[in-house]
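Student: Got a minute to go through a model with me? I'd like to start with the domains and then move to the chain contact.

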Amino acid sequence: MSATHSSHIKAAARLISQRVNNISPSGIRKFFDLLSSIEGVISLGVGEPDFVTPWRIREAAIYSLEKGYTMYTSNYGLPELRRELAKYLESHYGLDYDPDTQLLITAGVSEAFDLALRAIVNQGDEVIMPDPCYVAYLPCTLLAGGVPILVPTSEANNFEIKASDIESRITERTKAILIGYPANPTGAVMPGEELNRISEIARRYNLLVISDEIYGRLVYSIEHTCFASLPNAKEHTILLGGFSKAYAMTGWRVGYAAAEPEIIEAMLKVHQYTMLCAPIMGQIAAIEALKAGEADVIRMVKEYDRRRRVIVKGLNDIGLACFEPKGAFYAFPSIKATGITSEEFAEKLLMEEKVAVVPGSVFGRCGEGYVRCCYATSLADIEEALRRMGRFVERHR
Amino acid sequence: MKQILEILESNARLGVEQISTMTNMPATEVEKTIRQAEKSRTILRYKTVINWSKLGEERVQALVEVKVTPQRDVGFDAIAERIYRFPQVHSAYLVSGTYDLAILVVGRTMQEIAAFVAEKLAPLETVQGTVTHFLLKRYKEDGEIFEGGEEIKRLPVTP
């Protein structure tokens, strides 16, 4: 490398904003680079369905392209999509949102929670969230100028967040509570009563609750409680959801936010200057998903449930104690029996047995001692991965 | 019962233990249910969907429309049985529309099928006429797409 080139890089690095320098890159990405260099890996490291988007949804998008639907949409999203979404939220959760003022279509739920945070967080405002949690919660809070306040959760409590633990961390700078259940990476689902307690706390202290329910449809043998549907919760809730997980539509980038008109208006301000609108093709596909995708959701949930039982039993059988995840498509077994850190575990498992899992530590300090195993993978691969992991655990115990 | 059958329908090779885990039912009960289903002929057979053309094996198939005269007392059933008893007949259906029976005939060569239609099927007393459609290409069968099915294109690690 020439001297001028390297000094140029150094100069460029100095130009990076403090705000961005303050956040660390996702631990998942580092792992991905390592993985790409190895052949024959079975990956339980994914965070998306192994189903392709149901054909009828894809076909609707193809038709829309043929018809020439290639333009911007309203900043809020296609009116028909918002109307269908309002109907969906009403029929599934009994929620009454006005499609004209209370719904915003975003480029995936990822954009939606970035918008939510940017719309409500002042510099130094505190946002309470569980540890471990989805990799983006903390950095997005920092990027919005907020201060993440982590509430430890543990396997002893099935990785559920306790209302009392939230309450004890509230200060005068607290602005919001950010929760995401069913949870990535743990698969935890919150019982309705505890959510209700959180809602009461939010009301008492005048806080907003950002509820990321992207995995809301993926629950097994229990009902999902939509936070906004709790008594008197709607006005202090920003409900976030999307199509990626339930309809196997990750790459389409369509999600949504539902909240009081003032909040949606504030989020729209950021959205219109940054994203402008969610991609029209994805929005049209989402309309078809809402109108006719229910049978596909049920089919996929059934399939995940079967694999879930196989992986949970399998992990427990090979000596990786795993509590029963009731939602999403992750198992989060403890690797403490091996005595190594979760990062070491994941790296060695990849090198020695060619199975990829994600170290729990990338999701927060409380994720240490665990690894995330995605079971949205074929049954044959899950079984082979379990055999390999069994050999690995045997050696490292 | 339904759950177990659904699982077996999609993959008949799964064992009792696996199905027991998948359904959260005791293995003994799974075994009992399967045995009952086999006995009552709810489960008829376990089979494998094979793409024979991969082996370069030629198999000729034809859909044959058969128009027949229904008979007193037995309707279409007696003539249908006369026809579906032939081992060459892979599937047989009574259908609505311009003809009565739709049958799928399998053979090694076109001549073999032609001979079967001309010598066995058409001369049957109640058969008024047949129309034979030879299959040119198999795109999808029993829910399986034969060529260019979907492979998973996702990245190995995603958030």
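**Domains and contacts**

Tutor: The domain assignment splits chain A into domain 1 (25-52 + 296-396) and domain 2 (55-292). Keep in mind that this is a predicted model.

Student: How far apart are the C-alpha centres of domain 1 and domain 2 of chain A?

Tutor: They lie 26 Å apart. The contact draws 34 residues from domain 1 of chain A and 33 residues from domain 2 of chain A.

Student: And what area is buried between domain 1 and domain 2 of chain A?

Tutor: About 2,700 Å² is buried between domain 1 of chain A and domain 2 of chain A, with carbon and sulfur atoms giving 62% of that area. On the domain 1 side of chain A, F323(A), K326(A) and F363(A) supply 23% of the area buried against domain 2 of chain A, more than any other three residues.

Student: How many salt bridges are there between domain 1 and domain 2 of chain A?

Tutor: Zero. For polar contacts, the rule finds 13 residue pairs across the interface of domain 1 of chain A and domain 2 of chain A, both residues at pLDDT 80 or more.

Student: Which element gives the most to the side of domain 1 of chain A that touches domain 2 of chain A?

Tutor: Helix 12 of chain A, with eight residues. By class, that side of domain 1 of chain A has 20 nonpolar, six polar and eight charged residues.

Student: Switching to the chains. How many residues does the contact take from chain A and from chain B?

Tutor: Chain A gives 27 residues and chain B gives 17 residues. F32(A), R306(A) and R309(A) supply 30% of the area that chain A buries against chain B, more than any other three residues. The total buried between chain A and chain B is about 2,000 Å², and carbon and sulfur atoms give 56% of it.

Student: What's the count of salt bridges between chain A and chain B?

Tutor: Two salt bridges. One side-chain pair in a salt bridge is K302(A) with E6(B), at 3.1 Å, N to O. Nine residue pairs are in polar contact between chain A and chain B, both residues at pLDDT 80 or more.

Student: Which elements give two or more residues to the side of chain A that touches chain B?

Tutor: Helix 3 (27-35), helix 12 (294-317) and helix 14 (379-396) of chain A. Helix 12 of chain A has the largest share of that side, five residues. The residues of the side of chain A that touches chain B divide into 13 nonpolar, five polar and nine charged.

Student: Back to salt bridges. How many does the structure hold over all chains?

Tutor: There are 31 over all chains. In one of them, R56(A) pairs with E288(A), and the closest N and O atoms are 3.2 Å apart. R56(A) is in helix 4 (residues 55-66) of chain A and E288(A) is in helix 11 (residues 280-292) of chain A, so the pair ties together parts 232 residues apart in sequence.

Student: New topic: the open sheet in chain A. What's the strand order?

Tutor: The order is 9-12-11, three strands with antiparallel pairing. Strand 9 (330-331) and strand 11 (358-359) of chain A are at the edges with a single partner strand each, so one side of each has no neighbour in the sheet.

Student: How many bridges join strand 11 of chain A to strand 12 of chain A?

Tutor: Two bridges, and strand 11 of chain A runs antiparallel to strand 12 (residues 371-374) of chain A. P359(A) stands opposite V371(A), which is in strand 12 of chain A.

Key:
Residues numbered from 1 in each chain as written. Chains lettered and ligands numbered in written order. Predicted model: local features only at pLDDT ≥ 70, side-chain atom pairs only at ≥ 80, totals over all residues. Heavy atoms only, no water. Contact = heavy atoms within 4.5 Å. Buried area = accessible area lost by both parts, 1.4 Å probe. Salt bridge = Lys/Arg side-chain N within 4 Å of Asp/Glu carboxyl O. Polar contact = N/O pair within 3.5 Å; in protein donor to acceptor, adjacent residues only side chain to side chain. Helix = DSSP H or I, 4+ residues; strand = E, 2+ residues; numbered from the N terminus. Nonpolar A, V, L, I, M, F, W, Y, C, P; charged D, E, K, R; others polar. Pairing = 2+ DSSP bridges. Domains from an automatic or database assignment.
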